[in-house]
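User: I'd like a close look at one part of this structure, the packing of one helix pair, with a bit of context around it. Could you walk me through it?

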Amino acid sequence: MQPLTNRSKVVGDKKLTFLEKIYLPAILNGMLITIKHFFRKKTTVKYPEVKREFAPVYRGMHVLKRDENGAERCTSCGLCAVACPAEAITMTSAERKPGEEKLYREEKYAATYEINMLRCIFCGDCEEACPKEAIFLTDRIVPSDTLRQRFVYGKDLLVEPKEENKRIDISKRQTKEVLEFKKNKELQHNKLR
Amino acid sequence: MVSYLIYKAILVLIIFGITLFIAMYSTYAERKVAAFLQDRLGPDRAGPFGILQPLADGVKMFMKEEIIPDVSNKFLFLLGPSLAMLTCLMTGAVIPWGSSITINGTPYSLQVTDVNIGILYLLGVASVGVYGIMIGGWASNNKFALLGALRASSQMISYEIGMGLSIIALVMTTGTLSIGEIAAQQHGGHWNVFYQPLGFLIFLICAFAETNRAPFDLPECESELVGGYHTEYSSMKLGFYLFAEYINMFISSAIIATLYFGGYNMPFIGRFIHDPNMLTLLGTAFLFLKIFFFIFLFMWIRWTLPRFRYDQLMNLGWKGLLPLAILNIGITGVVMWLMGKI
């Protein structure tokens, strides 16, 4: 019969030769291989001291951005929660009182905003859904913990610091295509009223 | 008499301490060697290079909850690990850790006791060592533990025969059963491994099987028997079993080094150093160097070879090593007859 591929091999129960039967040459061969690995460069990355290099668009812990004046961008519209496939995001809204313009960018804001980091799958759909460029995924890692409750991150952990020099840089995630998309005036999704 | 007792007591304590210390650091070495052979780094968090890791492991073992199964036989359940620990520590008594140190004109031998049937003592204690595992496995009242214990006992009994027969050939050439004398005879590079290469190979393989190390670690193979004979053990009782394995490994390495690799003898060193005490200490250091090499060999083999199947293990023991050992005895006899030694 014509073989289907030229990779087929005839299998036979060939009698082992004496050298193969006494195992020892094969064992020595194996030991030679393992001892070579003994001196090889180790692949371990010692994590807290050495951090492995991330891709520029790495999706790690979220950040809630502030605008250039230091006011929170989030308007608590709930689109991120709707978009979230893991249903990790919950929030409650509140109305901005007079005098709070410095704190919140628009009339409505998120009174609480919680992401359950154990549910989150870091897909980045929240970021994509956000019409206000308020939520971004960063290259920070969600640290491990011993208590499940502590993985529900509130605004205290998510909102970036107010100080100009402590802001979280998310420019790496805004690739050229994204910036091009935002320039499109027709969409106007990011425009201040 | 009193001074003799004090000297022996101190020697016993020192050997006991060194044995425990080396066993402790063997666990660390095992993890490091395993990691290095697999391109990893191994434990490196506790102290510099992780050298405090054995302490951390020990503390962990002591802090763990101690569970004694309700259905177990309590007395035997406790006896098992104690017996395993006891027997593996007993062997160190007959090993010559060095020649002798002379203080104020009195020579102090570095061997606790040079019984004239040292080799028989070794084999006897090794046989009792099976009981620790067997009793522990049986007392747990657990099928996996029982299977592990069964495997351990049949494996160790089978391989003891090959081991004993390979030693008989050695005894034929050396003409003595005293380990101290065997070590002394190998002075000047006349290592027994050159006269008994086949016997050494058989002894080495049997030593692997006797210590339940890979590729013969069937009594505790986790992929088939959960934990084997120590499935039901927790806390430091489990620690005792694991520790006993490492002590066994150390003692086996010491026996291999003493019987076949010249023990504390260091070729050519007598030409450069003439102070006998210094020579003794250097010899002891050299013996430990050999021991460390064999401990490394144990680990090296473990992380190279896959586990044997049980029938393969029995085949190798009964159909491979036993006839080879008998053949070795025959060859040794013929060669000795031809050389006119008998």
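User: To set the scene, what share of the contacts in chain B with a separation of 6 or more comes from residues 24 or more positions apart? After that, please zoom in on how α1(B) and α11(B) meet.

Analyst: Keep in mind that this is a predicted model. On your opening question, the share is 78% of the contacts in chain B with a separation of 6 or more. As for the makeup, chain B has twelve helices and two strands, and from the N terminus on the order is α-α-α-β-β-α-α-α-α-α-α-α-α-α. A compact globule of 342 residues would have a radius of gyration near 20 Å, so the 21 Å of chain B agrees with that. Of those 342 residues, 43% count as buried, and the C-alpha atoms fill a box of roughly 60 × 50 × 45 Å along the principal axes.

Now the pair itself. Helix α1 of chain B covers residues 2-37 and helix α11 of chain B covers residues 276-302; their axes come within 10 Å and cross at roughly 45°. Because an angle of 35 to 65 degrees falls between roughly parallel and roughly perpendicular, α1(B) is oblique to α11(B). The crossing is right-handed. On the α1(B) side, the contact uses S26(B), A29(B), E30(B) and V33(B), and α11(B) brings I295(B), F296(B), M299(B) and W300(B). By type, the residues of this contact are six nonpolar, one polar and one charged.

There's also a contact between chains: chain B puts in ten residues and chain A eleven. The chain B side of that one splits into six nonpolar, two polar and two charged.

Technical notes. Residues are numbered from 1 along each chain as its sequence is written. Chains are lettered from A and ligands numbered from 1 in the order in which they are written. This is a predicted model: local features need pLDDT of at least 70, side-chain atom pairs count only at pLDDT 80 or more; totals for chains, interfaces and linings use all residues. Two residues are in contact if their C-beta atoms, placed from the backbone, lie within 7 Å. Ala, Val, Leu, Ile, Met, Phe, Trp, Tyr, Cys and Pro count as nonpolar, Asp, Glu, Lys and Arg as charged, and the others, Gly among them, as polar. Axes are lines fitted to C-alpha atoms, for helices over the stretch in contact, and angles run from 0 to 180 degrees between N-to-C directions. Helices (H or I, at least four residues) and strands (E, at least two) are DSSP runs, numbered from the N terminus. Angles under 35 degrees count as roughly parallel, over 145 as roughly antiparallel, 65 to 115 as roughly perpendicular and the rest as oblique. A crossing is left-handed if the near helix is turned anticlockwise from the far one by less than a right angle, and right-handed if clockwise. The radius of gyration is taken over C-alpha atoms; the globule rule is 2.2 Å times the number of residues to the power 0.38. A residue is buried if 20 or more other C-beta atoms lie within 10 Å of its own, exposed if 12 or fewer, and partly exposed in between; C-beta atoms are placed from the backbone.
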